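Trainee: Could you take me closely through the place where the ligand sits, and then set that part against the rest of the chain?

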Amino acid sequence: MPHPSISNYFISLNEAKSLSQSIKIPIEEEEVNIENSYNRILSKDVYSLVNDPPFDNSSMDGYAVIFSDTISATQENPIELEIIDFISAGHPPIKKLTSGSAAKIMTGAPIPEGADSIIMIEKTKEVDGKVLLYCPSFPNYIRLKGENLTKNELILEKGTFLTPHNIGLLATSGHSKISVIKKLKISIISTGDELIPPGLEIKKGQIYESNSYVLEGLIKEIGHIPIRKKAIPDSIEKLRIELNNAALESDLIITSGGVSMGDLDIVRKLMETEGEILFWRIKIKPGSPPLFGLWGETPLFGLPGNPVSSSVVFQMLINPWLKYITNSKGPKEKIIKAKLTEEIKNKKDFLVFPRVLVENNEEGLIAYTKTHQGSGNLRSLTTHNGIAIIYPHIKYEINSQIDVLLL
Ligand code: AMP
Ligand code: MG
């Protein structure tokens with residue numbers, strides 16, 4: 001008997017997002033060293049342990065001086081000051097500066113007591129323990145204590161997706177370890193009698209399996225653990241075994257292929273009879289036949305087999321789900337506006353996702369399609385650098401502004 005939800009006819013992408021987000025899974029935290037925190041999601045707010053810089057320091061190689069001593073310095077009438085100290089980065093100054101004296105100072109070295117400005121080395125000349133200044137010094141060559149970070153200040157919020165700069169900031173602020181969301185284990189199961197792995201000799205009727213490699217990379221990019229399985233044939237029995245195994249070892253199952261209307265669409269058939277389906281089919285093109293449900297307790301996204309469709313549905317539906325359940329603010333979607341240089345047809349009720357090439361020319365950002373757009377042509381995701389978002393209610397003509405999700 002068909003599952004009751006199977007009668008639902010094509011829901012919108014937003015409805016699909018909110019239905020999938022009604023299913024949650026337990027999310028755990030762990031502590032990691034910051035060198036292992038790339039692409040991880042912070043599970044707690046992080047506060048700075050220090051002021052940065054921790055002390056006033058010089059932003060130039062030069063001399064620490066008292067500004068009022070230097071005001072009248074010119075090329076013709078330089079000022080002469082006595083050099084009383086040499087201060088380099090990592091070494092605290094010993095002597096206090098008084099009027100008429102200067103301390104030679106290197107970038108990053110602490111400002112000595114009494115000094116209020118720096119003159120860069122290029123504007124001076126050193127002669128017999130004295131320095132000649134050919135112009136006034138600059139107060140703004142001093143980097144003030146705490147101007148970058150204040151001790152106990154919130155520097156990165158819970159949910160931050162850790163990029164190289166975020167990780168650098170954690171180091172600057174004194175953290176060697178941080179709490180992050182435990183990576184989710186995500187099984188990828190491709191289905192199809194025709195699929196063989198690259199490397200084997202191809203026979204008539206066969207194709208090389210590619211979706212699992214794309215999905216593996218997309219999962220790694222957002223900081224989780226893909227478990228890429230060997231593709232299985234279109235067999236309900238084999239699928240049942242694979243799903244049972246995957247449910248034991250992973251937090252989420254992604255299947256590819258076998259969710260449409262065909263006689264061998266085994267993922268849909270098995271989910272109808274032995275799983276639980278929350279929805280099937282979304283008003284998007286490409287990628288309309290995905291399903292979402294539970295295999296036992298484990299959430300399952302059934303992606304269509306066409307390579308462009310499976311990637312697009314991952315990006316438009318699974319990625320937002322993973323971000324939602326892990327409370328992650330990243331990686332940030334890069335959606336830009338670009339000017340269309342050709343007409344693109346919208347589709348009644350459906351969101352359409354043509355792959356477009358975005359270029360920056362004298363008119364600003366422009367977008368156009370370059371190669372074949374068929375949902376079976378994975379190449380369209382490599383020759384283009386964006387996925388345009390074409391809404392059903394808008395007419396798109398040459399020069400229309402469109403939204404593009406950068407790949
Ligand atoms: P399906 O969704 O199973 O009907 O498959 C739709 C199309 O995608 C068919 O042409 C399949 O051969 C192709 N396909 C399915 N799975 C994969 C895969 N893992 N890699 C590459 N192509 C696939
Ligand atoms: Mg198939």
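**The surroundings of ligand 1**

Mentor: In this predicted model, an oxygen atom of ligand 1 lies 2.5 Å from a polar side-chain atom of Glu194. Two further polar pairs involve the protein backbone: a polar backbone atom of Ser210 is 3.0 Å from a nitrogen atom of ligand 1, and a polar backbone atom of Asn306 is 3.2 Å from an oxygen atom of ligand 1. Taken alone, ligand 1 would expose 480 Å², and the protein buries 77% of that area. Around ligand 1 there are 15 residues, of which Glu194, Glu209, Ser210, Gly258 and Gly305 come nearest, so that Glu194 and Ser210 appear both in this list and in the polar pairs just described.

Turning from the ligand to the packing of the protein, the largest nonpolar core holds 38 residues, and the members that touch the most others are Ile254, Phe314, Leu322 and Phe353. The greatest contribution to this core comes from helix α7, residues 307-326, which supplies 10 residues. Phe353 can be followed further: with its neighbours within four places in sequence left aside, Phe353 is in contact with Leu13, Ile284, Lys285, Pro286, Val312, Met316, Ile387, Ala388 and Ile389. Apart from the largest core lies another, of 16 residues, with Met271, Ile277, Leu291 and Trp295 among them.

A polar residue deserves a look as well. Glu272 lies in helix α6, which runs over residues 266-274, and Glu272 counts as buried because its relative accessible area is 15%, where the cut-off for buried is under 20%. The side chain of Glu272 is joined to that of Arg268 by a polar contact of 2.8 Å.

For the chain as a whole, the secondary structure comes to eight helices and 27 strands. The radius of gyration is 31 Å, well over the 22 Å that the globule rule gives for 407 residues, and the protein chain is therefore more spread out than a compact globule. The C-alpha trace spans about 95 × 50 × 45 Å along its principal axes. Of the 407 residues, 49% count as buried, while the protein chain exposes about 20400 Å², with 52% of that supplied by carbon and sulfur atoms. Among contacts with a separation of 6 or more, 69% are accounted for by residues 24 or more positions apart.

Conventions. Residues are numbered from 1 along each chain as its sequence is written. Chains are lettered from A and ligands numbered from 1 in the order in which they are written. This is a predicted model: local features need pLDDT of at least 70, side-chain atom pairs count only at pLDDT 80 or more; totals for chains, interfaces and linings use all residues. Side-chain values use heavy atoms; hydrogens and water are left out. A nonpolar core is a set of buried Ala, Val, Leu, Ile, Met, Phe, Trp, Tyr and Cys residues joined through side-chain atoms within 4.5 Å. Buried means under 20% relative accessible area, exposed over 50%, partly exposed in between (1.4 Å probe, protein chains only). Helices (H or I, at least four residues) and strands (E, at least two) are DSSP runs, numbered from the N terminus. Contact means heavy atoms within 4.5 Å. A residue is near a molecule or strand if one of its heavy atoms lies within 4 Å of it. A polar contact is a pair of N or O atoms within 3.5 Å; within protein, one must be able to donate a hydrogen and the other to accept it, and residues adjacent in sequence count only if both atoms are side-chain atoms. Accessible areas come from the Shrake-Rupley method with a 1.4 Å probe; for residues, only the protein chains shown count as cover. The radius of gyration is taken over C-alpha atoms; the globule rule is 2.2 Å times the number of residues to the power 0.38.
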